[in-house]
Amino acid sequence: MDYLKKLYLEAIGIEYVPGQATMVPGEIDGPASEFETLEQLRELIGDCHRCQLSRGRSNIVFGVGNPHADLVFVGEAPGRDEDLEGKPFVGKAGQLLTRIISAMGLTRDDVYICNVIKCRPPDNRDPLPAEIDMCEPFLKGQLSIIKPRVICALGSFASQTLLQSEVRISRLRGQFRDYGGVPLMPTYHPSFLLRNPHAKREVWEDIKMIMEYLDLPASEHGNN
Ligand code: SF4
């Protein structure tokens, strides 16, 4: 969170000196307490040009949903539809995610949905390490504000980035992993399911484990 702390201090006119303890006004638990709301964090991000992805984007796609959600879905990065609308998961893959959420007995307003990277990579290429370094702290800030009970990482990129792992998604999925004390369930990305509908059954197994953990009533509408 040092990066966020630096940005925050600069925003309030305090010089950040690496390695030097700087008391942040209102700081209690550490840097995460600098941001009490998602709106404050979004304001800090501003019209971000901290990495090269800003050049090709139409909109920064910050995240949508319940700021107090028990469950946060984290994807990779915005695609074309998301970039144009400024909202995550609004294209075909997003519609499938909405159906998965609905099969859980929830709506998109009950959960929070965001990506690791906030701007669309050109031609939907994988984000580069330097872009992840710049943007991932914003996701960490979102998660530290929301404090979800469970995180569901959608796809290889989000799962491997959050877990700092190179293990394939097919081996990561199917059990809860630990993300700083929060249970994280890796599963396949909805866009993968569009190309490989047979994998829906495995995703539904992962989703059922999340539902059990959150004490959500069992649903008969999964795996569709
Ligand atoms: S991807 Fe993240 S760090 Fe890069 S310009 Fe967009 S918001 Fe800023």
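Which residues are around the ligand? In this predicted model, the set is Cys48, Arg50, Cys51, Ser54, Arg57, Ile117, Lys118, Cys119, Met134 and Cys135. Sorted by character, that shell comes to 6 nonpolar, 1 polar and 3 charged residues. Cys48, Cys51, Cys119 and Cys135 are among the residues around the ligand, yet searching the whole structure for disulfides turns up 0. Cys119 has a relative accessibility of 8%, so this residue counts as buried. Cys152 is another buried cysteine, because its relative accessibility is 0%.

**The overall fold**

Stepping back, the protein has 224 residues, and 50% of them count as buried. Its secondary structure adds up to 9 helices and 6 strands. As for who touches whom, take the contacts with a separation of 6 or more: 68% of them are between residues 24 or more positions apart.

**The largest pocket**

How much space lies in the largest pocket? The figure is about 630 Å³. The lining is made of 26 residues, and those nearest the centre are Ala77, Ala93, Asn124, His189 and Ser191. By character, the lining splits into 11 nonpolar, 8 polar and 7 charged residues. Several helices chip in: α3 (80-85), α4 (92-103), α6 (155-163) and α8 (190-195) each bring at least two residues to it. Of the contributors, α8 has the largest share, with 4 residues.

**Some residues to click on**

Asn124, one of the residues nearest the pocket centre, sits in the loop between β3 (112-115) and α5 (129-146). Its phi is positive, about 55 degrees, although Asn124 is not a glycine. Phe89 also has a positive phi without being a glycine, with a value near 55 degrees. You'll find Phe89 in the loop between α3 and α4.

Is Phe89 buried or exposed? It is buried, because its relative accessible area is 5% and the cut-off for buried is under 20%. Asn124, at 44%, is partly exposed, since that class runs between the 20% and 50% limits.

Here are the relative accessibilities of the residues picked out in this report:

| Residue | Relative accessibility | Class |
|---|---|---|
| Cys152 | 0% | buried |
| Phe89 | 5% | buried |
| Gly155 | 6% | buried |
| Cys119 | 8% | buried |
| Gln175 | 41% | partly exposed |
| Asn124 | 44% | partly exposed |

Gly155 belongs to helix α6, which is one of the helices supplying the pocket lining. Leaving out residues up to four places away in sequence, Gly155 touches Ile169, Thr187, Tyr188 and His189. His189 in that list is also among the residues nearest the centre of the largest pocket. Gly155 and Ser170, 15 residues apart in sequence, have their C-alpha atoms 9.4 Å apart in space.

Gln175 is in the loop between α7 (169-172) and β5 (177-179). Which residues does Gln175 touch, not counting residues up to four places away in sequence? They are Leu184, Met185, Pro186 and Met209. Met209 is 34 residues away from Gln175 along the chain, and their C-alpha atoms are separated by 8.1 Å. With a relative accessible area of 41%, Gln175 counts as partly exposed.

Key
Residues are numbered from 1 along each chain as its sequence is written. This is a predicted model: local features need pLDDT of at least 70, side-chain atom pairs count only at pLDDT 80 or more; totals for chains, interfaces and linings use all residues. Side-chain values use heavy atoms; hydrogens and water are left out. On a 1 Å grid over the protein atoms alone, a cavity is a set of points where a 1.4 Å probe fits but cannot get out, and a pocket is an open set with protein on both sides within 12 Å along at least five of seven lines; lining residues have an atom within 4 Å of a point. Grid points are joined across faces, edges and corners, and a volume is the space filled by probe spheres set on the points. Ala, Val, Leu, Ile, Met, Phe, Trp, Tyr, Cys and Pro count as nonpolar, Asp, Glu, Lys and Arg as charged, and the others, Gly among them, as polar. A residue is near a molecule or strand if one of its heavy atoms lies within 4 Å of it. A disulfide is a pair of cysteine sulfur atoms within 2.5 Å. Buried means under 20% relative accessible area, exposed over 50%, partly exposed in between (1.4 Å probe, protein chains only). Contact means heavy atoms within 4.5 Å.
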